[in-house]
Amino acid sequence: MLVITMIFAYCWKKCEDSIGAFRQIKERKPWKYGMLILSIMGSFLPMYLINACMSYVGNDYANYYTYYQNIVSGRGQDVEIGYKLINIFVARMGLSFQWVYFITCFIAYALLMLCIRKYSKNYAVSYLLFFSGGFFFLLGLNQIRQFVAVGCVFFAFQFIEKKKPLFYFVLVIIGGLFHVTAYVMLPFYFILGKKIRLSLYAAGALAILPINIFFNDIMAWLFKTFMPRYMNSNYISKEYTLEVPYLTMTVVTIVVVLLLAGHEKKDIEGIERVFLNGCMISLVMVTVCTWIPEYKRFVYYFFIPTIFYIPRLLDKEKRVWVKLALILLLVAADWVNVSTTLSFNHVLPYKTFF
């Protein structure tokens, strides 16, 4: 799947560059548009079909099937309205539950594809990093609701650069209709585009660390006030821990980012400033904020954009051997983490509804 996706993603980028060139010299070569469409489809379909056709794979499939049964029967289900509407539509159309996956995954992968085209300079590397970082397993084969939310937030990042807050907020709110964690990104419109010194992130991390002392009291108050149904969950008793494989992946990735950015870090602007700030926020979260319940779900919004940012930085590096070495280093660091989570995420053995 990954090899097919990367081959077509490479062709997709080459076709776009070629079409841009012959537009400038006013040549008409319609067959190139056909190649472009074929390349886009070849990039989109492998991951999408494997996700959409899966059956009882991952931790969430059985839960989503239960949600569907509750919604269809009228018993009600406490789930975000965007995802709930997809279930209602599928039921009203007389379709099977599997269509919930076909529709939800289509939205998620379409958003991912649009973001790769918008932000990346090397589509094949972006898909490689998406896979090697484990996000194909975590989001595609498990957390499909948040996959849509993540895509909405990433697509909204362009409006920080363009200084169009309304478009940003609307997209983030739409993402929140699929997974409530997206709402956390609303205030970051005012943060991600700012020039922030790296030393300030270190100071922020030190300031946050003492919160661990009062964590249980803070969590008890928050859940009692806003989400009382979780009062008896293990979230309240969660403690600060360092997950070494996950930390390794994050640190290696951000070190590569900082090395590639070089001495130009203070001059970075636009969407790359958004991505750089996201990197640093994710580093703070995985080092001193692991006491936050489901903290990785929040890290997604800041860390996953490295799949767009790193190809942009590699595009500026002229030495091919350096590019290859860094990509291999990133993939190796990613798999230090992913290899420890595959059994926990129950993505193997893979089964389809066929």
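**Second largest cavity**

I looked up the second largest cavity in this predicted model. Its volume is about 50 Å³. I listed the residues around the second largest cavity: L111, L112, C115, F130, L139, F147, V150, G151, F154 and I304. By class I get 9 nonpolar, 1 polar and no charged residues in that lining. Helix 5 and helix 8 (144-156) each supply at least two of the lining residues. Helix 8 gives the most, with 4 residues.

**Largest cavity**

Next I went to the largest cavity. I find about 70 Å³ of space in it. The count for the structure is 3 cavities of 30 Å³ or more. Around the largest cavity I noted L129, G133, F135, M249, T253, F303, T306, I307, I310, L330 and D334. Two or more of these lining residues come from each of helix 13 (244-261), helix 16 and helix 17. Helix 16 contributes the most, with 3 residues. The lining divides into 7 nonpolar, 3 polar and 1 charged residues.

**Second largest pocket**

I then turned to an open site. The second largest pocket has a volume of about 440 Å³. I count 20 lining residues, and Y10, K121, N122, V125 and K323 lie nearest the centre of this pocket. The lining holds 13 nonpolar, 1 polar and 6 charged residues. Helix 1 (2-24), helix 6 (123-132), helix 16 (306-316) and helix 17 (320-338) each supply at least two of them. The largest share, 6 residues, comes from helix 1.

**Nonpolar core**

In soluble globular proteins, nonpolar side chains tend to be buried together. I checked the largest nonpolar core here and found 115 residues, with Y109, F130, F157, Y168, M185, L192 and Y309 having the most contacts inside it. Helix 5 (residues 98-119) gives the largest share of this core, 13 residues. I picked F157 for a closer look. Beyond its neighbours within four places in sequence, F157 is in contact with Y119, Y168, M185, L192, I271, V274, F275, Y301 and P305.

**Cysteines**

How many disulfides does a search of the whole structure find? I get 0. Why is C152 not bonded to C115? The sulfur of C115 is the closest cysteine sulfur to that of C152, but the two are 8.9 Å apart, too far for a bond. A disulfide needs the sulfur atoms within 2.5 Å. I also checked burial. C152 counts as buried because its relative accessibility is 6%. C279 is at 1%, so C279 counts as buried too. The cut-off I used for buried is under 20%.

Key. Residues numbered from 1 in each chain as written. Predicted model: local features only at pLDDT ≥ 70, side-chain atom pairs only at ≥ 80, totals over all residues. Heavy atoms only, no water. 1 Å grid on protein atoms, 1.4 Å probe; cavity = no way out; pocket = protein on both sides within 12 Å on 5 of 7 lines; lining within 4 Å. Points joined across faces, edges and corners; volume = space filled by probe spheres on them. Nonpolar A, V, L, I, M, F, W, Y, C, P; charged D, E, K, R; others polar. Buried < 20%, exposed > 50% of the residue type's maximum accessible area, 1.4 Å probe, protein only. Core = buried A, V, L, I, M, F, W, Y, C linked by side-chain atoms within 4.5 Å. Contact = heavy atoms within 4.5 Å.
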